[in-house]
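Q: Please take a close look at a single part of this structure, namely the sheets of chain A and the helices that lie against them, and set that part in the context of the rest of the model.

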Amino acid sequence: MSGAPVSTVGSSPSGCQDLPVLKERGQREVFCGLTGIIWLHRKMQDAFFLIVGSRTCAHLMQSAAGVMIFAEPRFGTAIMEEKDLAGMADMHEELDRVVGRLLSRRPDIRTLFLVGSCPSEVIKLDLAKAAERLGTIHAPRVRVLSYSGSGIETTFTEGEDTCLTAMVPELPEAPADERSLLVVGTMADVVEDQMRRIFDALEVGPVHFFPPRSTETLPPVGPGTRVLMAQPWVNETMAALRKRGAVRIPAPYPFGVEGSLAWIMAAAEAWSVPRDRVLEVTARARERGTAALARYRETLEGKRIFFFPDSQIEIPLARFLRRELGMRPVEVGTPFLHREHMGAELDLLPADDGLVLSEGQDVERQLDRAFAAGPDITVCGLGLANPLEARGMTTKWAIELVFTPIHGFDQAGDLAELFARPLRRRGLLEV
Amino acid sequence: MELTIWTYEGPPHVGAMRVATGMKDLHYVLHAPQGDTYADLLFTMIERRDHRPPVTYTTFQAQDLGGDTAGLVKEATQAAYERFRPQALLVGASCTAELIQDDPGNLAGSLGLPVPVIPLELPAYQRKENWGASETFYQIVRTLCLPHAPPPTWRRPPPEGRRPVCNLLGPTALGFRHRDDIREVSSLLDRMGVDVGVVAPLGASPADVARLGEADFNVVLYPEVGRTAASWLKRTFKQPMVETVPIGVGATRDFVREVAGVAGLDADGALEAVTTRLPWYSRSVDSNYLTDKRVFVFGDATHAVAAARVASEEMGFKVVGLGAYNREFAREVRAAARKLGVEPLITDDYLEVEEAIQEAAPELVLGTQMERHIAKRLGTFCAVISAPVHVEDFPARYSPQMGPEGANVLFDTWVHPLMMGLEEHLLGMFQDDFEFGNDRSPSHLAAARPSSTNGRAAEAPPESEDLGKEGATVAASTPAAPDGAAPEAGEARATSTSAPTPAGTELVWDDEAQAELRKIPFFVRKKARRNTEAFARQQGLTEISVETLYEAKAHFGSR
Ligand code: SF4
């Protein structure tokens, strides 16, 4: 990259908007929405996530979170058993009992999420009603909300979307004449702090983040609210916010120097902050980011990359890797493509010869395509990574892209490192 | 409905996956939503398998529910057959599919595929992983072996003029050291003059399973998975089953005798095949410090019972707790616990296990990865002896649990976390050495314990340093009796003429007694504190002095 990129949103004639999307329907190799709890329960420190589900759901949470710390977490599963399935009245009583015990053990909990699963959806257990009832019982200490993280309705990060959507009606009304910025989608705390400093310097604000770190201070929303999506998967949340009068600021996602600048620039424009002022405020951060990326260019430039669908972050990452590091996306798979919210990204991602955009999944056919394409690096889930490595392919675990701070200027280098490391490692190993 | 945070066992279809993934040329069509594919990572990440589990998930979605989920099963089964060309297919439902009652086994059967289609009925709301593995293996064995079954009146001839042949039954993918146990037991059998015919399910194809009946007898290495199938083979093919699980020296010798008996070999000669260092290492004087070390044992029933025997008979430990999470084998655990004079703990609630461990105050925990975490929180040592497994349980090196080498491995892995004898004495004699810091754990214990200098001793209440920060939180959130309030059974019976102190009364440790308590090594300090307080209450005291401490010690004995 020569010099810091300063381009912002703008349709490029060579973007991906008109590229046909390969829509697949078959076996998927992705998590269900329950997995979002793994970061949501860390983000909102006074919330507890009670999955109403099966032993499978509990086992999923344990297996997906198992690599992490084993402190008593703020999530758990109310496992339905044979006797619960016999009659619905019992089930609600059982739930009341479990919740009562849980809340008496955990006086620190302010918000309880009842999280629906496939089994609870299939038997049509009405968790919204249960939440209402339990909310009355445990008010005012605990607010009780419900959402679905089931695998028949949500794919991986969509679990955060359904969770935040359930919170939208709880957000206090912002004064109609007050303009405020709402950043939506979980980012690492450290990144939020960086972004806040930049917005403060630009006098863009007040700035609120959603989800908040504590559910006792929910961000306000109203017609004066301008929304920047920090993660591409908060689509339904955005729709719910829109119903409350909020307006989305179209922008690419803040990955890489270019994406971060465009994202901040979009907010600045809404606040009528001059472009030069944004360049000035972000100059040092951009320089740092650009310098960090330069170190990875040699490793990554010209390398062909294949994305299996995972979190909906794939297109923004492909755009970053293509434009700022010269990588060549071969196939970019996403579980779900929201054309409007992905619009700025599709404009920026060059429609290179042979590039495939795919939505949904048929994992066997996609594997066939991956083997045929022979990419230099493949981004995929944990179930596929080692089997692909064993066939001589280099992989990057997709889940790390969700669990690592990768947004913003100062994380651009870290983001590049995530892709460079597996390649470097393969180069190092002599056996 | 039970609130569960961590579970020892997955759902039963994960047990089926352990069987299917261990086998070759078999494919499993699982009627399940997308999220259930998480189970693949257990195999590819924890066990570092280089192949995807041979499982096709039908991936039905909400929009399919009113429609044709049954059609999905057929499509997925047909496609899986064509792509993978397995010798046999397993077809079953996960918890969600069980509720929509598509009967995937029947649907798949109706396709008329040219290979056996084995339907699996694994009730997800009643049963768990081990049961699922056992049932799956049994169904595979039954389906594939039945065509070769002899008439009921047939009698098995003894092996004459050739080496006897046995099958090893029970090892699966994701099993705790199954890979190495198979090699170890096979080589032991080989030295005894016995050949191994088929190992199943791990490493076997359906064709291999079909010839299980050819062997002279079966060895049930993992009863949790293999016993049901072995019992059926015993009835159908008149194959005796060897049921001793050769974990530890004593059990390995028993195993050799049992095999010799079944195979018609000379047991004394066969016993020479058992050469292991454990007996001598245990007798070596440096092992004296192992005497009566308090150990708490928890795991799957087979491994827990075996470990308890090794601990008490071969290491000279004192077993202060024994339990298992699989109720199906509770009987075996109860019998072993009775022999050792402890209360058996049969539960799959890890909080209950944690409470029991806290209560028993062991110096070493032999458990699963769950107990490893519990032990870490409580600041005590743990060696892992059983599934559920973690990536650490698949070491690169050869590390069996069974047979002669397995006994060596047990000695090393259990003794390693304990402090060496001399080090312990020095620590006891020179508590005030600032480098020891009497609250410190030994340098090789990873638990993050606050390392305080002695200066802090007087300010902090004695028990606050018995736990790491996490532990303190857990203790606070566990609705257990407050520390020290519940003396062990039997201790309360101490004779005393004075009226006991009322339960609610607070006991006050004077400064000197507090300081003295801190001189007691951390791993028994909590017990000393509890005993002293129990003693004080019996005596009707409200204040505890150094004298009380030593009187309590004399009363209860030093162990
Ligand atoms: S896919 Fe459904 S049943 Fe499976 S873990 Fe997720 S919510 Fe539970």
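A: What follows starts with confidence and domains, goes through the sheets of chain A, and ends with the contact between the chains and two single residues.

This is a predicted model, and chain A averages a pLDDT of 93, with 95% of its residues scoring at least 70. The exception to keep in mind is the stretch of residues 1–13 of chain A, over which pLDDT stays under 50; the model has 26 contacts beyond four places in sequence for this stretch. Where pLDDT is low, the predicted coordinates should not be read in detail. The domain assignment of chain A gives three domains: domain 1 is made of two segments, 21–28 and 296–428, while domain 2 covers 33–154 and domain 3 covers 180–275. Between domain 1 of chain A and domain 2 of chain A, the C-alpha centres are 33 Å apart.

The six-stranded sheet of chain A is open, and its strands follow the order S1-S12-S11-S10-S13-S14 with parallel pairing. At its edges are strand S1 (21–25) and strand S14 (395–397) of chain A, each of which pairs on one side only. On average, and with direction ignored, neighbouring strands of this sheet are turned by 20° against each other. The pairing of S1(A) with strand S12 (residues 356–361) of chain A is parallel and rests on five bridges, and within this pairing Glu24(A) stands opposite Gly360(A) in S12(A).

Two helices of chain A lie across strands of this sheet. Helix H14 (residues 363–373) of chain A lies across S1, strand S10 (304–307), strand S11 (328–334), S12 and strand S13 (377–380) of chain A, and it runs at about 175° to S11(A). Helix H17 (residues 412–428) of chain A lies across S13 and S14 of chain A, where it runs at about 140° to S14(A).

The four-stranded sheet of chain A is likewise open and has parallel pairing, with the strand order S7-S6-S8-S9. Its edge strands, each pairing on one side only, are strand S7 (207–210) and strand S9 (247–248) of chain A. Strand S6 (residues 180–184) and strand S8 (residues 225–229) of chain A run parallel and are joined by five bridges, with Val183(A) standing opposite Leu228(A) in S8(A). Helix H9 (residues 235–243) of chain A packs on this sheet, where it touches S6, S8 and S9 of chain A, and its direction makes about 175° with that of S8(A).

Strand pairing also links the two chains, for strand S3 (residues 75–79) of chain A is joined by three bridges to S1(B), and these two strands run antiparallel. In this pairing Ile79(A) stands opposite Glu2(B) in S1(B). The contact between the chains takes 54 residues from chain A and 47 residues from chain B. On the side of chain B that touches chain A, the elements that give two or more residues are strand S1 (2–4), helix H2 (39–46), strand S3 (55–57), helix H4 (95–100) and helix H19 (469–477) of chain B. H2(B) supplies the largest share of that side, five residues, and the residues of the side divide into 21 nonpolar, 16 polar and 10 charged.

As for chain B itself, it has 22 helices and 16 strands, and buried residues make up 51% of its 559 residues. Of the contacts in chain B with a separation of 6 or more, 70% are between residues 24 or more positions apart.

Two loop residues, one in each chain, complete the picture. Ser150(A) is in the loop between strand S5 (143–148) and helix H7 (158–167) of chain A, and it counts as buried because it has 29 C-beta neighbours inside 10 Å, where 20 or more are required. Beyond residues up to four places away in sequence, Ser150(A) touches Cys32(A), Gly33(A), Gly116(A), Ser117(A), Cys118(A) and Glu121(A). Ala149(B) is in the loop between helix H6 (129–145) and strand S6 (165–169) of chain B, and it is partly exposed because 14 other C-beta atoms lie within 10 Å. Leaving aside neighbours within four places in sequence, Ala149(B) is in contact with Gly213(B), Thr236(B) and Phe237(B).

How values were computed:
Residues are numbered from 1 along each chain as its sequence is written. Chains are lettered from A and ligands numbered from 1 in the order in which they are written. This is a predicted model: local features need pLDDT of at least 70, side-chain atom pairs count only at pLDDT 80 or more; totals for chains, interfaces and linings use all residues. pLDDT is the predictor's confidence in each residue, from 0 to 100. Two residues are in contact if their C-beta atoms, placed from the backbone, lie within 7 Å. A residue is buried if 20 or more other C-beta atoms lie within 10 Å of its own, exposed if 12 or fewer, and partly exposed in between; C-beta atoms are placed from the backbone. Domain bounds come from an automatic or database domain assignment. Ala, Val, Leu, Ile, Met, Phe, Trp, Tyr, Cys and Pro count as nonpolar, Asp, Glu, Lys and Arg as charged, and the others, Gly among them, as polar. Two strands pair if DSSP finds at least two bridges between them. Axes are lines fitted to C-alpha atoms, for helices over the stretch in contact, and angles run from 0 to 180 degrees between N-to-C directions.
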